Amino acid sequence: MNVMEADTLNIEGGHPLEGEVFVRGAKNTVPKNMVAALLTSDTCVIKNVSHIVDVDVMCDMISAFGGDVAFTDDHTLRVTTPSLTPIPLDQMGDFAGKSRIPILACGPLLARTGHVIIPALGGCQIGNRPVDFHIEALKILGAKVEVHETYLEIFAGHLRGAKIRLPYPSVGATEQVLLSSVLADGVTELSNAAIEPEIMDLIAVLQKMGAIISVDTHRVITIHGVKKLCGFTHKALPDRLEAASWACLAAATKGRIFVRGAEQMNMMTFLNAFRQAGGAFEITEFGIEFSRAGETLRSMVLETDIHPGFMTDWQQPFAVMLTQADGLSVIHETVYEGRFGYVEALKLMGARIQLYQKCLGQISCRFANRNALHSVVIAGPTTLKGAEIHIPDLRGGFSYIIAALVAQGSSKLSNMWLIRRGYEDIAKKLRAIKANIHEE
Ligand code: EPU
């Protein structure tokens, strides 16, 4: 299966959007569940899977490893890898150029073949995005890592449990340690680990497979290595990033959108901020309905942070919503140094946003002296006008969709495949909330 749809979206904006959309399994969990499936030769079943590019990339990668992948119409994915065949560097490059997930395949490949080659990684260009924590952790677990100009080559007879401390609670590096240490000899203690719900979901999958993992206080995760893991059946965690994007769209356009599948528990920080900005929501057992509480939205001060803070992936749609709020809003981005690239196009659409290198917030942040434009001040409310925009990254891309739907007049968005990396059936969902769109 491959997500093939038009690459340009024409949008006629300026109308409130009303209706219902659904969210399925998260882009940032399902591909990792699929990597976990490589740790066993048993069949693994993942339900509630979205048809998105990042899942396609993983399906193709598992097929290239010699595994069987079946994705059925009921959004269920079955993965079986009786054996794993390493992929040559040039072929592996095709996968890595499209996604950051291949680096997470190190653990399973080392456990089952003793050798892995990982080319330069893809993913959104939202900052430097190094993989030094991953490499260091693999070395501490006993792998031999050779860093070449365009690829990494990693060997291991057998990994051994160890104490690892991450310099920053990186989601990917925490997943790397989990996936590499579950089959290692002995105990691994990972401190300063990420504890995002997406991490907890991966731990839940690994526990179903037979792993012994405890999450202790103060970001310490302890993994007791086991000899063998078995298959699992798992319902994927709903995408809290996508749910938040629809919420911001509802409030920004003075609309009302019911997001079927959205869950309160993993969105509490977002819901608090949304309410503070004048958004309203009603939580039901089937999803959450988002709208405005009154006529106007309120400006606010916001900082992105690791869990349980306000997610960096919520920042872009929220910023567009704040262009419609009364007064001056401030956002301090502390997770990625380059996550305001999308702001320039918003300015062309009439948004009044000023970028700053200074930390406009209280969180002690790694970007203070890096000449990185990582804070913004947004003046609102502004009347946005339609524009032609080339989508730069996934979350920035969805924020342009919101801006185009708020704006007066027509907009043309190209490079839509980037949106399909993480948002399923985007045009169908936009039509379901009565957006005036046309695909090319
Ligand atoms: N970092 C390093 N070295 C490393 C790893 C990370 O310096 O070896 C730094 C990064 O540069 C960044 C910070 O640590 O400044 C956090 O990065 P993290 O590793 O947590 O991010 P990630 O695992 O690469 C995942 C999501 C991102 C999401 C972040 C933060 C996936 C595939 N991606 O990235 O999602 O923003 O966690 O929650 O899970 C998105 O969905 O659009 C997206 C970018």
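**Two domains and a ligand shell**

Author: In this predicted model, the centres of domain 1 and domain 2, taken over C-alpha atoms, are 30 Å apart. Domain 1 covers 8-23 + 238-439, and domain 2 covers 30-235.

Reader: How do you know that domain 1 is in contact with domain 2?

Author: Contact means heavy atoms within 4.5 Å. By that cut-off, 19 residues of domain 1 are in contact with 22 residues of domain 2. About 1,900 Å² is buried between domain 1 and domain 2, and carbon and sulfur atoms give 54% of that area.

Reader: What makes a residue part of the shell around the ligand, and how many residues surround the ligand?

Author: A residue is counted if one of its heavy atoms lies within 4 Å of the ligand. On that basis 25 residues surround the ligand, and the closest are Lys 32, Asp 132, Ser 170, Val 171 and Val 335. Both domains take part: domain 1 and domain 2 each give at least three residues to the shell.

Reader: Which helices each supply at least two residues of that shell?

Author: They are α5 (132-140), α6 (171-181) and α12 (394-406). The largest share comes from α5, with three residues.

Reader: Why is Asn 28 said to make a polar contact with the ligand?

Author: A polar contact is a pair of N or O atoms within 3.5 Å. A polar side-chain atom of Asn 28 lies 3.0 Å from an oxygen atom of the ligand, so the pair qualifies. Phe 133 passes too, because a polar backbone atom of Phe 133 is 2.8 Å from a ligand oxygen atom. For Arg 366, an N or O atom in the side chain is 3.2 Å from an oxygen atom of the ligand, and therefore this pair also counts. The protein buries 92% of the 830 Å² that the ligand exposes when taken alone.

Reader: What makes up the shell, by nonpolar, polar and charged residues?

Author: There are eleven nonpolar, five polar and nine charged residues in the shell. Val counts as nonpolar, Ser as polar, and Lys and Asp as charged. The closest residues, among them Lys 32, Ser 170 and Val 171, therefore include members of each class.

Reader: Which peptide bond is called cis in the loop between β18 and α10?

Author: The bond joining His 307 and Pro 308 is cis, with omega about 10°. Pro 308 lies in the loop between β18 (301-303) and α10 (315-322). Another cis peptide bond runs from Gly 380 to Pro 381, with omega near 0°. Pro 381 is in the loop between β21 (375-380) and β22 (388-390).

Reader: What is noted about phi of Asp 425?

Author: Phi of Asp 425 is near 50°, a positive value in a residue other than glycine. Asp 425 sits in the loop between α13 (417-420) and α14 (426-432).

Technical notes. Residues are numbered from 1 along each chain as its sequence is written. This is a predicted model: local features need pLDDT of at least 70, side-chain atom pairs count only at pLDDT 80 or more; totals for chains, interfaces and linings use all residues. Side-chain values use heavy atoms; hydrogens and water are left out. A polar contact is a pair of N or O atoms within 3.5 Å; within protein, one must be able to donate a hydrogen and the other to accept it, and residues adjacent in sequence count only if both atoms are side-chain atoms. Accessible areas come from the Shrake-Rupley method with a 1.4 Å probe; for residues, only the protein chains shown count as cover. Helices (H or I, at least four residues) and strands (E, at least two) are DSSP runs, numbered from the N terminus. Domain bounds come from an automatic or database domain assignment. Buried area is the accessible area (1.4 Å probe) that two parts lose on being put together, summed over both.
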